[in-house]
Amino acid sequence: MRGKFITFEGGEGAGKSTQIERIAKNLTRAGHKVLVTREPGGSPGAEAVRHVVLSGAAQKFGSEMEAVLFAAARGDNVQQIILPALESGTHVLCDRFMDSSRVYQGVSSGVDMEFILGMEQAVTEGARPDLTLIFDIPPELGLQRASKVWAEDGPDRFESDTLELHEKRRQGFLDIAEAEPDRCVVIDASQSLPQVRKATDAAIAKLFPKPKKATGKPSARKKAKVTAK
Ligand code: Z5A
């Protein structure tokens, strides 16, 4: 059976990586095959692009160029890592995916949405998420949390943007969730860790329904039939 594809989206410091690591452990413990990947990155080719976009080296060439680079990285990760895993029955947990391009390059950087969606369609062929968890957090709190894990070099190309842009992105993710309720679940990421864990587990559990236990008793309908005889 094909694996499930779950993506994790939201602002900086929202707690995506923390939850992905935990969910991967839980699913593995439950006997599932699980692969964790991230974007930009995942495959060797996409990791090379990650360095270019997050260092800010491509910023001077414009937002459209950055959008193309993110899409190129995604295409490589999909072909090299995500699709082979899904097809072999492995569940894939991906830290950011297509919604980040819609929001960061489309909503907040002003790249034409048709252009973004066209590239998305081309590079995600066969790998559309079954579930997307959107970690929603006020940017001030997210950046405060993220700053604790910044390396010596400080914030990256996107983390150092204005608060106004971060707010725009937050709204961008919420708009996607509203437009695609069958795929997206919003998690209130400003809550305490145990509360976020509980909300995340509840969303994931819907994709992995527990098999019903056989009781050995006939169903109510069958019983009724027997009684009517
Ligand atoms: N980008 C783009 O522009 N276009 C695209 O198409 C794609 C990406 C795919 C990738 O960043 C950047 O690329 C991203 C968008 C852009 N913008 N930036 N920057 P990244 O991969 O380097 O980082 P990130 O995705 O933004 O994640 P993050 O900042 O590392 O945060 P996180 O993974 O969501 O959070 P975390 O590491 O799990 O938690 C952060 C800290 O908070 C940590 O100390 C935790 O222990 C703590 N934490 C977590 N949850 C809680 C709760 N509930 N309470 C208290 N503390 C908590």
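Which residues come nearest to the ligand? In this predicted model, they are Gly15, Ser17, Thr18, Ser100 and Tyr104, out of 28 residues around the ligand. Keep those names in mind as we step back and look at the chain around them.

Let's begin with the overall layout. The chain holds nine helices and five strands. Starting at the N terminus, its elements follow the order β-α-β-α-α-β-α-α-β-α-α-β-α-α. The C-alpha trace covers about 80 × 35 × 30 Å along its principal axes. Of the 229 residues in the chain, 38% are buried. Among contacts with a separation of 6 or more, 80% are between residues 24 or more positions apart.

Now follow helix 3, which runs over residues 63–87. With 25 residues at 1.5 Å a residue, helix 3 should span 36 Å, and because its end C-alpha atoms are 33 Å apart, the expected and modelled spans agree. Helix 3 also has a kink of about 45°, and you can find its centre at Val78. After helix 3 comes Gly89, which has a positive phi near 90°.

Finally, let's return to the ligand and see what its shell is built from. Helix 1 (16–29), helix 4 (98–107), helix 6 (139–147) and helix 8 (193–205) each contribute at least two residues to this shell. Helix 4 gives the largest share, with four residues. By chemical character, the shell residues comprise 10 nonpolar, 10 charged and eight polar ones.

Conventions: Residues are numbered from 1 along each chain as its sequence is written. This is a predicted model: local features need pLDDT of at least 70, side-chain atom pairs count only at pLDDT 80 or more; totals for chains, interfaces and linings use all residues. A residue is near a molecule or strand if its C-beta atom, placed from the backbone, lies within 6 Å of it. Ala, Val, Leu, Ile, Met, Phe, Trp, Tyr, Cys and Pro count as nonpolar, Asp, Glu, Lys and Arg as charged, and the others, Gly among them, as polar. The expected span of a helix is 1.5 Å times one less than its number of residues. The bend at a residue is the angle between axes fitted to the seven residues ending there and the seven starting there. A residue is buried if 20 or more other C-beta atoms lie within 10 Å of its own, exposed if 12 or fewer, and partly exposed in between; C-beta atoms are placed from the backbone. Two residues are in contact if their C-beta atoms, placed from the backbone, lie within 7 Å.
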